[in-house]
Amino acid sequence: MQRHLISAADLTRDDAVLILDTAEEMARVADRPIKKLPTLRGRTVCNLFFEDSTRTRISFEAAEKRLSADVINFAAKGSSVSKGESLKDTVQTLEAMGVDAVVIRHSASGAPYRLANSGWIDAPVINAGDGTHQHPTQALLDAFTMRRRLIGADAGLGRDLDGKRVTLVGDVLHSRVARSNVDLLHTLGAEVTLVAPPTLLPVGVETWPCEVSYDLDSTLPKSDAVMMLRVQRERMNAAFFPTEREYSRRYGLDGDRMARLPEHAIVMHPGPMVRGMEITAEVADSDRCTVVEQVANGVSIRMAVLYLLLGGNEPAGAQPATSHLRTEEK
């Protein structure tokens with residue numbers, strides 16, 4: 001493992017499989033009476049969020065606390081950032097307080113990379129989403145969910161997603177989740193297809209390691225997993241499609257379209273969902289939809305990332321790392 005987790009593209013196949021296998025061990029902690037490990041006791045982790053978040057922020061906080069870390073939550077609103085303080089000064093303040101790791105979400109693409117390579121702080125940096133660039137832990141939890149559903153929790157250990165066909169549908173242009181998933185799924189051997197209106201595909205998408213289609217109906221019967229992406233209106237400064245109804249008719253997933261999927265196929269969504277837009281309530285509430293599983297798996301993945309960056313580079317179930325994974329006695 002490298003010292004920082006900035007981009008899914010930085011992970012090798014072995015890195016990714018190590019994280020997924022470690023997350024499988026971490027998932028077992030949730031079934032214990034005491035859901036806590038002493039691995040990061042005495043370490044301080046700061047969640048540095050300059051952008052709104054629900055799932056990611058709470059998931060990281062839960063992961064940190066289950067590993068017994070001391071947690072500092074920083075939100076830009078109500079801080080000195082609103083008075084004009086720079087990212088550099090904010091981070092150097094944290095460095096002076098002795099923070100051992102930083103989880104950062106920022107609206108500016110490249111902010112985590114700048115933080116990791118600037119010398120402002122001597123601590124591992126984990127990217128929790130930067131602009132329209134990357135969201136590596138989201139891609140990892142998505143891959144973890146696919147491996148568990150399509151291969152099996154135990155059968156998947158040590159394995160990648162070779163040969164699995166994954167379709168990402170929707171606002172690829174503004175989606176850091178799409179970029180991260182394309183990078184990671186390609187590394188894990190999956191075949192990825194992007195489906196979107198031409199206006200919602202980025203310039204240069206033809207160089208990405210994936211296929212591109214404008215026809216959702218033709219790709220569904222060949223998909224093992226379909227991930228619906230939210231239309232990110234907050235990042236749009238122009239009209240990218242005529243109406244919401246037109247978009248939903250062409251690129252929304254309803255019950256009829258879900259019926260065209262193979263029987264084993266799953267429906268995914270990184271959240272938050274806009275019901276009635278990219279996904280109907282019927283699909284979102286079906287047994288095939290993994291949205292709630294993805295949230296639960298997000299805690300396991302983030303525990304694994306924190307463990308490997310701060311606790312050790314061995315798989316969670318291997319020696320000598322097992323000494324870190326004893327349930328904390330109360």
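In the predicted model, strand 5 (residues 165-169) and strand 8 (residues 225-228) run parallel and are joined by four bridges. Within this pairing, valine 169 has methionine 228 of strand 8 as its bridge partner. Helix 5 (residues 136-150) packs on the sheet and touches strand 5, strand 8 and strand 9; the direction of helix 5 makes about 165° with that of strand 9.

The sheet concerned is open and consists of five strands with parallel pairing, arranged in the order 7-6-5-8-9. Its edges are occupied by strand 7 (211-213) and strand 9 (266-268). Because each of these edge strands has a single partner strand, one side of each is left without a neighbour in the sheet. On average, neighbouring strands of this sheet are turned by 20° against each other, direction ignored.

An open sheet of four strands, with parallel pairing, follows the order 2-1-3-4. Here strand 2 (70-75) and strand 4 (125-130) stand at the edges; each has a single partner strand, and therefore one side of each lacks a neighbour in the sheet. The twist from one strand to the next averages 10°.

Strand 1 (residues 44-49) and strand 3 (residues 101-106) of this sheet run parallel and are connected by five bridges, with leucine 48 standing opposite isoleucine 104 in strand 3. Helix 3 (residues 87-96) lies across strand 1, strand 2 and strand 3, and runs at about 160° to strand 1. Helix 11 (residues 291-311) also packs on the sheet, where it touches strand 1, strand 3 and strand 4; the direction of helix 11 makes about 145° with that of strand 4.

Technical notes:
Residues numbered from 1 in each chain as written. Predicted model: local features only at pLDDT ≥ 70, side-chain atom pairs only at ≥ 80, totals over all residues. Heavy atoms only, no water. Pairing = 2+ DSSP bridges. Helix = DSSP H or I, 4+ residues; strand = E, 2+ residues; numbered from the N terminus. Axes fitted to C-alpha atoms, helices over the stretch in contact; angles between N-to-C directions. Contact = heavy atoms within 4.5 Å.
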